[in-house]
Every structure is written in structure tokens, then in C-alpha cells.
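Got your viewer open and a hand on the mouse? Please walk me through this structure, one selection at a time.

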Amino acid sequence: MQLSHIVIFAAGGLIFAGFCPSRLRGWLLMAASVVALYWLQPTLTIFYLDFALPTITLTLAVALWWLTRPPETPALDGDDRLALALLAGLVLALSATRYLAPELRPTASRAPDVPPVALALLLLGLAGWLISRAIRARHGRLTAALIALVGLFIILKTPPLASGLAAALRGLTGQNQALAAPLDLEWLGFSYIAFRFIHTVRERQMGKLPALSLREYVTYIIFFPAITAGPIDRAERFIKDDRALLPAGENPAARLLTAPRLAEAGGRIGMGLFKKFVIADSLALLALSAANAGQAQSAGALWLLLYAYAFRLFFDFSGYTDIAIGLGILLGFKLPENFDRPYLKNNLAAFWQSWHITLSNWARFYVFSPLSRALLKRKVKAQSAVFIAQMATMLIIGLWHGVSGGFIVWGIWHGLGLFVHKWWSDRTRKWYLSLNQKPRLKTAWTAAGVFITFQFVTLGWVWFALPLESAWPVFWKLFGMTP
Amino acid sequence: MTKWDWLERPPVPYTPGFLLRVLVKAALLFAALNAAFALLDPLPALGQLSLYNRLFPGRPRLPYGEDPARSYNLSLWNLNAMLESHEVARPKAPDELRVLVMGDSSVWGVLLRPDETLAAYLNAGGYVAPDGRTMRFYNLGHPIMALTKDLMLLDAAMVYRPDLILWPVTLQSFPRRQQLEAPLVQHNAAAVRRLIAAYDLALDPADPRLLDESFLDKTLVGRRRDLADLLRLQLYGAAWAATGIDQFYPETYDLRRSDFEPDAAWQGLAPETGLPEDFLAWDVVEAFFARAGDVPVLLVNEPVFISSGQNSDLRYNFWYPRWAYDAYRSRLFERAQANGWPVLDVWDAIASDEFTDSPVHLTPAGSRRLADLIAPVLLETPTGEGF
């Protein structure tokens, strides 16, 4: 999101909160999120792909809503039909904006013409219906959806696979396949969207997902304040806020534009803008990068660049989160917090409870807990089970950022760190509790913990920031050594 | 960190009236701050606040960069900030003989690393003046061809107590009509007008190219770009200190041209019309010497690429037809003799394969050769006592 997007979203949020009739709020939010999905999508070089990808997101949302409905749910009700019609109408209307002047178009580039888009929507609907008929078993459908989502995620996040897919698409459009690159498939918010999809599928498999209307489901998946940088909300929590947008007579929270809400939203958005556009963008001028890593003349210089990177990453990401939360407040949603002073935590476990909290929670719910339970059931030793589960969780979090050597090492780095922390804290718990009698020593110990944790996390960013081949030399050079 | 109680929190402090009062107060404060900023115009003073030479080492050449992200350098218009980021702003050592090396992009060192410039090679020579002081050379070149820019920079740099000034020049910096063309000059209209008035320069102080700022331009909002540049200059200081890089070096570049069209025109002048007396800004050279005052100036007619390619009988290089350059050299010596300016003419002293992407940009070897040519002359030049 650029500054112009944020200003327009905030202004739109104010108008929404102040003037939108309460019965239309939910519908307007879904429509705005659909338009934002196309508007925020980066321009791509493959013909019409920057229109196709948001359309595929919407198609997936409809398909997965259908799949994750409770088993006893009847056919489409009136609201669902209206939502479906509205979605199709919006896609067609967005494709019709190809006739507008370029500066007035809400799409990344000129959209395809209306008849082919309409035909494509019809074919997609038909394909969905046929697939749902072909795979009768509900559980099988959900599992197939899960595998397909993970597969798509892996393809998009693995540079050689993404390049291969890009080359294939370029072949279809008659473009030069030699120029295919992973950036050809830059799919707005897919990392977040995919994890929301997986969350709903897994919750349905476990029978915990509440019944959602199509409008609610689509809005949850593509809620525009959280589309580019999260947070990854939980559907059951999101939906409570969505349903509070109902007519004022039914819910007192429906009065949206209140002074406290305005102050809170303004404060969070202002703070986010400052963090992102003042602090983070300034630190970006000297943050560690593939370009400057090899140019640093000394270990001290590298540390300076690395610290700048660590703080830049935090202020950039938490700034965007503040903006998303502030916009959410304006629209009547209390999105979950994603950061809680992570660099001031005195151990790695506490760091991961305060850094990208919603992703950590997602990984805990869907990787760590089920995996450790499964291992314990198979009589694996508790310590080994924790080790395996922690490593797997951190690897998944690393791979979520991209399938590359750097992210794998970063995941292992943190997995090992968490294991060592647990091993250490298990053995020092009694001693640590005894420090309550010695407040000064406890303060000093906590300060040392904060310092060590920060250094560990910051060192880990080397693998995160740089390709693996440049990360190794930098890592050793930080300690004055050459590999 | 904001907690999860914002909906439950009693709305007492956040009434509509409270918010309105906050907004009104914020608007009034913002307006007052902008007005105060415009009235006080603190930018020149802010330019003197620098982390360079304190937290980071000073830059060996003035800030200039068209690709800040890759060069950790940027172009800005605040003369104080430019000079304060330079190592010339360091305190002068008691045994130092301070030599300012003024000039254009060839002095600044386009495509040269900081230790390959003329000033760097002169420093590497470790020259000691006859009075025992160590000569320390400061590269104050700036990649713009205009004598007025050199005069303006000298005017600002005199505060750093030079003992000697080395001023390589070339014809391309002399055309009068080019004197107010450089953005650095245009954005420092007040300084230029002061120099025009002080030295009675034949330049129009009302020239529309000199950028006059309105009250709004001087407010905090109007100055946001200048303020951001000041901040960026400081931040790039960390990257400069960490990497020692202040210029982006392309892997390849277009070599200066050797073959030319059969065209002998220069700046709209034809050989038959000759070089009109007032076409070159000699008054700016006079003003430069006047501004230097008691500090000796060694004028250097800098080396230029001499082609032997197609139509090289008409042109020395892409910039200069032979007739124009010869006329310039002749005038330079006449003026120097008349005014008592010390001149070192090394126009043809560097081999043609030591020029890179322009008729005056040198390779490291060419730069070193030039330093070797200049040093003996410098050692014989009488030096100032400092201020």
C-alpha cells in the first residue's frame, strides 16, 4: 500500500462510518474489498494476469466458501445469491473500466474485454460445479482443496517453479518465455489469503468453523485493510465484528462514527504512517541488502547495516499493521495485534509471541500443536517431539516467506533457538523463580536476556535479508572471520 | 502498545468536542510552525548541523548523486550541508597547508573511486611546502560546468581557511549564457545575486532561471524536499562510512567519441564569426581571484581529449572545435598575463586513451599523471598564511 492508497482508504472509511446506512455496510465492505483487490494488485508483464489473479482469488473464495459450509447447510439462500451476483457484476464492471481513461481505471493495467471475462466466469462456475459433483466425499473435497492450496503456494513461493509457471503462461500469451521470472506472478496478498483459506478448511475439518454467508466469507478473505500485510485474523473472530455492522436497532455497536473510534483509528493510522513512511523508509537507506552486504568494509560496518535492517523490518511491518488496524477500527473491526514490543522480550519464545503474532498463532494451531500431539501419541519422547515440532513450525514460517535456502536456514536458526531456550529454561526455572527475592539481579538478568535475544534475532535476519550464497560470508564477516 | 480494550474503554476523553478542539489546535500549531519556519528560514543553519566529521568520517568529495540508492550519495542545494558533510569541515591541523581543489566533474572524479581523484593522488604524494607544512588537498569539485558555481562554492568554502586554491578549468565552463544554468546555482539565488552585486558580474540578477521563493515555498511544507534531503544526506553518511562508496560505477559506459560530423560550430558560433569578446565569462574568473583575496590561486587549463579520428582536423573532441578551443586558450593567456593569474596549461598533457566517458574525464592513471604534472608547480606557488 502506498500513501495515496492509505489516504483514500481512510477517507473512504470516514465516509463509510459516517454516512453508510447500516443495512448496506456489509455489502459495501465486500464491494470495496473487491475493488481494492484489483486496485492494489501490482502491474504484471504477462498479458491480463494482473486482472486474472484477483479474479482467481475471488473464484477460490467462492469455491472454498462452498466447500467449507457446514454439511447440513441447504442450497444458496437469498443473501448468498445476491453476493454471487454482486461479485460477478463487480468483476464485469471492473473489466468494463478498460474503456475509461488510464488514470481513471481501478485495475493495474487495461482489463480484458467484458465478453471474454463473462465467458470465463461462466466456465469457472461450470468447472466448479463439475468438480464438486465429481468429488462426492466431503472430507475428500476438503483434503483435495487443502492439497491444491498448499501446492499452489509452493509453486508460487519456489522461484524455479514460479518461473516455470510464468514461462508456461507467457507461452499461452505468445510472450517471450526467456524473460519469465517469479515476479511475473506477483499475486497480491496471496501469502495471507492462502493461510486464511487453509484456516477455514482446517476449522471445517475439525467442525469448528461457524456457518458463514458468502458475503461474510469473501469479506473475511479479502478484507482490504489486511490484504497486503495482514494480520491473519481468525474467521470466527472476524465474523463477530462483521455481524455487529447490522442495523442499529439490532446492535448498539452499529453506530460506527463515534469520537473514541475516530480517535483510536486516527491514532493508529497516524502512528503507522510515521513508523512506515518516516522511520522505516529512512532506515531503508542504510539497511542491509544484497547490494551493500558485499561493500561493507568492516565487521562494525556490517553490524550497523544489520541493526538498521532489523529496525527497518520492524517499523515497516508494524507500521503497516497499525495502519491496517486503524482502518479496521474505522470500519468497525478490531483486527488482532501483530506486534507487542518484540525486540524488548527477554527470550526467544516471548519474541515469537510478540512478532508477527497472527502468523505465529496460525503456525502453532495448524503445525506445532497437531504435530506434537501426533508425535506424543506415537510414543516419541517428549523432548524429541518438542524439537521436531518446533523445527517444523519454524521451517513452515520460514517457507511461508519463500522457498529458498535463506528462509530455510532462518527457520532452522529459530527452531534451534527455541529448542535451546526451552532446554535452558526447563533447567533454570527454579533458579529463575528464586530471583524474585533479588530484584536487582532479576533486572540485570532480564536486561541480559533482552540483549541476547535481540542479538540472536538480529543475526537471524542475515539469512532472511540475503540470498544464501551472500548470507554465509556476511555471517562470518560479522565476527571478523572469512569463510 | 495499544491494548484490546478500545471498545470497552469509557469514551469520556474522546468526545466530539474534544476531538474538534484537538484538530483546531493542531491546525493552528501547524500553521504557526509553518509561518515561523518561513520567517526564520533556518535551512542554512540546519545545514551546519552534521553527523559527518563527528559520527561518520567526512566525505572526500561533495555530495552529488543521481542514483542515491546505489551511490549512497545525493545531490542537494544546501551549500552549508554540502560543505559540512565534506572532510574540509574538519578542524585545520596546525601544520596543515590547506589546498582547495575547485572545478568540475573531472575534479570531482566521475567514474573514479575516492582514492583515484586528482586531490586523492595529490594527497598520496605527501607533499610538504617549503615552510614545512604538509599539503592537504580537498576535492571541492562539483559535476557541473559553470564558473559561477565554482565562485559560489569558493565563497562558501573560504570559511574553512584555505592556504592555496587549485582551480582546473576548461572552456565548457566559460560560456556566459551557461553561468546560471546549473540547478545548484539556480537554487542558491540569494548567494548568486550577492556575488553578482559584489563583483559587478555581467549576469542578470533578475534572470528568471534564478529561483525566487514565495512565502509558501519557504514554509515547512514548501521546504519538505530540502529537509528530507538534509536527513537523507545524514543517513547516507552511515552507508558511506560502512562501504566507502559515494558513486555508482556502471559495469560499462560509452567511451568519449573519437569520430565527428564535419561540423565546426560551437555553442551556436561558427569559425568565421569567431569568439566574441563577451561570450566567455572572464569577469567570473576575475571575481574568483578577487574572492580568494590573499589566498593564491593556481589556474589549470585542464587536459582534454584530443582525437585523431574522423574530422579531427576540425574538432579536438566532441565538445570543442579546434578554432574555438584555440581561441579560448589564446584569450586565457592574454587575460592571465594582463591580470597576473598563475596558469598551468596541461591541455594536451594526457594521452588520449586515458579519457573515459567525456572529453575531460580521466582514468585513474590519467588522474595520477595529472597530479604528477601539477605537484611541482604547486610546490613553487607562494602560499597564504591562512586566516
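Here is a tour that goes from whole chains to domains, then to the contact between chains and the cores.

**Stop 1: the whole model**

Before you click on anything, keep in mind that this is a predicted model. Its scores are ipTM 0.81 and pTM 0.88. For chain B, the average pLDDT is 92, and 95% of the residues score at least 70.

**Stop 2: chain A**

Select chain A and switch to cartoon view. You'll find 19 helices and zero strands. Turn it around: the C-alpha atoms fill a box of roughly 65 × 55 × 50 Å along the principal axes. Why does a radius of gyration of 24 Å agree with a compact globule? Because a compact globule with 483 residues would come out near 23 Å. Of those 483 residues, 40% count as buried. Now think about who touches whom along the chain: among contacts in chain A with a separation of 6 or more, 69% come from residues 24 or more positions apart.

**Stop 3: chain B**

Hide chain A and show chain B. How many helices and strands does chain B have? There are 13 helices and five strands. The C-alpha trace spans about 85 × 50 × 45 Å along its principal axes. Of the 387 residues of chain B, 41% count as buried. Run the contact count here too: residues 24 or more positions apart make up 81% of the contacts in chain B with a separation of 6 or more.

**Stop 4: the domains of chain A**

Back to chain A. Give a colour to each of its assigned domains: domain 1 (21-222), domain 2 (260-338) and domain 3 (343-477). Then zoom in on domains 2 and 3 of chain A, whose C-alpha centres lie 22 Å apart. Where they touch, domain 2 of chain A puts in 16 residues and domain 3 of chain A puts in 13. On the domain 2 side, α12 and α13 of chain A each supply at least two residues. The largest share of that side, eight residues, comes from α13(A). Colour the domain 2 side by class and you get twelve nonpolar, three polar and one charged residues.

**Stop 5: where the chains meet**

Show both chains together. Here 22 residues of chain A are in contact with 23 residues of chain B. On the chain A side, select α11 (259-283), α12 (290-293) and α13 (299-331), the elements that give two or more residues each. Which of them gives the most? That's α11(A), with seven residues. The chain A side splits into twelve nonpolar, five polar and five charged residues.

**Stop 6: the nonpolar cores**

Now look inside. In soluble globular proteins, nonpolar side chains tend to be buried together. The largest nonpolar core in this model has 126 residues. Select Leu305(A), Tyr309(A), Val101(B), Leu166(B), Trp167(B) and Phe288(B), which have the most contacts inside that core. Domain 2 and domain 3 of chain A each give this core at least three residues.

Centre the view on Leu305(A). Setting aside neighbours within four places in sequence, Leu305(A) is in contact with Leu286(A), Ala287(A), Leu288(A), Asn292(A) and Ala296(A), plus Ala242(B) from the other chain.

For your last selection, pick Val201(A), Ala229(A), Ala235(A) and Trp355(A). They are among the members of a second, separate core of 92 residues.

Methods. Residues are numbered from 1 along each chain as its sequence is written. Chains are lettered from A and ligands numbered from 1 in the order in which they are written. This is a predicted model: local features need pLDDT of at least 70, side-chain atom pairs count only at pLDDT 80 or more; totals for chains, interfaces and linings use all residues. Helices (H or I, at least four residues) and strands (E, at least two) are DSSP runs, numbered from the N terminus. The radius of gyration is taken over C-alpha atoms; the globule rule is 2.2 Å times the number of residues to the power 0.38. A residue is buried if 20 or more other C-beta atoms lie within 10 Å of its own, exposed if 12 or fewer, and partly exposed in between; C-beta atoms are placed from the backbone. Two residues are in contact if their C-beta atoms, placed from the backbone, lie within 7 Å. Ala, Val, Leu, Ile, Met, Phe, Trp, Tyr, Cys and Pro count as nonpolar, Asp, Glu, Lys and Arg as charged, and the others, Gly among them, as polar. Domain bounds come from an automatic or database domain assignment. pLDDT is the predictor's confidence in each residue, from 0 to 100. A nonpolar core is a set of buried Ala, Val, Leu, Ile, Met, Phe, Trp, Tyr and Cys residues joined through C-beta atoms within 7 Å.
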